[in-house]
Amino acid sequence: MPEPEHPAASTPGTQPETAERLRDLLRQPAYQKALVLSALIGAPVALMAFWFLAALHELEHAWWDELPAALGWHTPPWWWPLPLLTLAGVAVGLVVRHLPGAGGHVAAAGLHPQGAAPSALPGILLAALAGLPLGAALGPESPLIALGGGLAPLLARLARAPVTPQGTALLGVAGAAAALPAIFGNPLVGAVILIEVAGVGGPRLFAVMLPALLSSGVGSLVFTGFGRWTGLSTGDLTLKGISAPRLDAGDILWTVPMAVALGAATHYVLNTGRLTALFVRRRTVVHTVVCALAAGACASVYALATDRSPAEVASSGQATLARLAEDPHAWSVGALIAVLLCKSAAYALCLGSLRGGPVFPALFLGAAAGVLLAPLPGLGVVPGLAAGMAATGAAALRLPVSSAVLVVLLLGSGAMTSVVIIAAVVSFVTAELLPPGRAVPPPEEPERATAVRAPGRRDGGPERG
């Protein structure tokens, strides 16, 4: 497909030409076959993703709930993460060192839209199944993208479907999109993430999207404020009956400095993760074990300091995020500070050594920071939580639209959309303007490191795939 033109260069005379090109594309038999194959392949890919996630869940439950209970503990003891993450480091290090595909791409490099080669899929699945249930502070989204994106073209070849190289790439993205709803719980999130992470439109898309996104959030605030002040209605499309707090000036005023601080903090956590990845490349197995053990030590220190479960640090943060959102007052100020420090350190270590995705730990860290800052004058718990998640998500993924959509859907209400959008854009811009970190070379490349822009930058580097 031709590269989209810059919107500012478009004129009314070119719009019919663009529409005609789209119609020509839709009429092409190869593209029609790719659409049909995408629909047919979605079911088996989603089924494989379901069993993969179910296996991860059952293994995590066995390691962190059933085994401690069988040994007489209600919760895992403080030292529990040390042997488990050591085992994870050994297993993942051996997979990365000896199996094709090196266990998948390094999470510190950000999300990649490409699927994996069929020969790499066993190693990717083994690395995820060995590391994530044993306490890696990572999520399963990167292995899911690799699984879905790798299975779709493979299934097409097994069905002897004639596909072009462009069609194969399209099927890979479609397969990854079919796998992601299993973890995010909504098909829209997977599609938006893959559209944005694929970098369609390049810097031009972001140059237009960021002002539009920010203006949309501010415009929503103006409409909301005038509607309350005047009592008038504009007849907007809303669903009544959803309970949500009302935004006020304090929520908006605190969102911007929160987003700047969290965007910068997340940026440097990811930079540390990339340095960890470069450290691991020197001696893969040994250094992977060292980093995994250090991540386990972070969880143990947290458990000793707070008398809470070490699983709150040694995990993706998905289950802990749900508990934090349901009962934020169950966490003391000391516990929130401790989990932010220990989880950030474990996250940075796991980003560069083990295999998984960066999404859920980033969201949890943002939520914890938002709850910690909620007592600030005029800032509520829910707005703080929403702004925190949007800020860390956008800075970690470099995907402001995807982060905003994901957070709004997680909250289950559009009441916080304005805060979410502003936090996502401000955090994204903050992280992009900070000094770039070190690049993570692909596994197949010789050991090297060059200073390039961080994941998501549009001017180079392997992070966008």
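1. A helix in this note is a DSSP run of H or I with at least four residues, and helices are numbered from the N terminus. With that in mind, Asp-307 can be placed in the loop between helix 11 (284-306) and helix 12 (318-326). The structure under review is a predicted model, and the values discussed below should be read as computed from that model.

2. On the overall picture, the chain holds 17 helices and zero strands. Of its 465 residues, 49% are buried, and the accessible surface of the chain comes to about 20800 Å², with 68% of that area belonging to carbon and sulfur atoms. If one takes the contacts in the chain with a separation of 6 or more, 77% of them are accounted for by residues 24 or more positions apart.

3. Two backbone angles deserve a careful look. Most residues other than glycine have a negative phi. Asp-307, however, has a positive phi of about 60 degrees although it is not a glycine, and Ala-102, which is likewise a residue other than glycine, has a positive phi near 55 degrees. Ala-102 is found in the loop between helix 3 (81-98) and helix 4 (121-131).

4. Are these two residues buried or exposed? Ala-102 counts as buried because its relative accessibility is 11%, and buried means under 20%. Asp-307 counts as exposed because its relative accessibility is 72%, and the cut-off for exposed is over 50%.

5. A student following the chain should also notice Thr-75, which is found in the loop between helix 2 and helix 3. Although Thr-75 and Ser-309 are 234 residues apart along the chain, their C-alpha atoms are separated by 6.3 Å. Thr-75 has a relative accessibility of 46%, and it therefore counts as partly exposed.

6. How many salt bridges does a search of the whole structure find? The search finds two. In one of them Glu-312 is paired with Arg-308, and the closest N and O atoms are 3.0 Å apart. Glu-312 counts as buried because its relative accessibility is 7%, whereas Arg-308, at 24% relative accessibility, counts as partly exposed.

7. The other salt bridge is formed by the side chains of Glu-432 and Arg-398, with a distance of 3.0 Å from N to O. This pair links distant parts of the chain, since Glu-432 lies in helix 17 (residues 417-433) while Arg-398, 34 residues apart from it, lies in the loop between helix 15 (381-397) and helix 16 (400-411). Both Glu-432 and Arg-398 are buried.

8. Ala-390 offers a view of the surroundings of helix 15, the helix in which this residue has its place. Because its relative accessibility is 0%, Ala-390 counts as buried. Leaving aside its neighbours within four places in sequence, Ala-390 is in contact with Ser-403, Val-407, Val-420, Ala-423 and Ala-424. In addition, the C-alpha atoms of Ala-390 and Ala-404 are 5.8 Å apart in space, while the two residues are 14 residues apart in sequence.

9. A last point concerns charge on the surface, where Glu-58, Glu-60, Asp-65 and Glu-66 gather in a patch of negative charge. Glu-58, one of these residues, is found in helix 2 (residues 29-70).

Definitions and conventions: Residues numbered from 1 in each chain as written. Predicted model: local features only at pLDDT ≥ 70, side-chain atom pairs only at ≥ 80, totals over all residues. Heavy atoms only, no water. Patch = residues over 30% accessible without salt bridge, like charges linked within 9 Å, V, L, I, M, F, W, Y side chains within 5 Å. Areas by Shrake-Rupley, 256 points an atom, 1.4 Å probe, with all protein chains shown as cover. Salt bridge = Lys/Arg side-chain N within 4 Å of Asp/Glu carboxyl O. Lys, Arg positive; Asp, Glu negative; His and termini not counted. Charge placed at Lys NZ, Arg CZ, Asp CG, Glu CD. Helix = DSSP H or I, 4+ residues; strand = E, 2+ residues; numbered from the N terminus. Buried < 20%, exposed > 50% of the residue type's maximum accessible area, 1.4 Å probe, protein only. Contact = heavy atoms within 4.5 Å.
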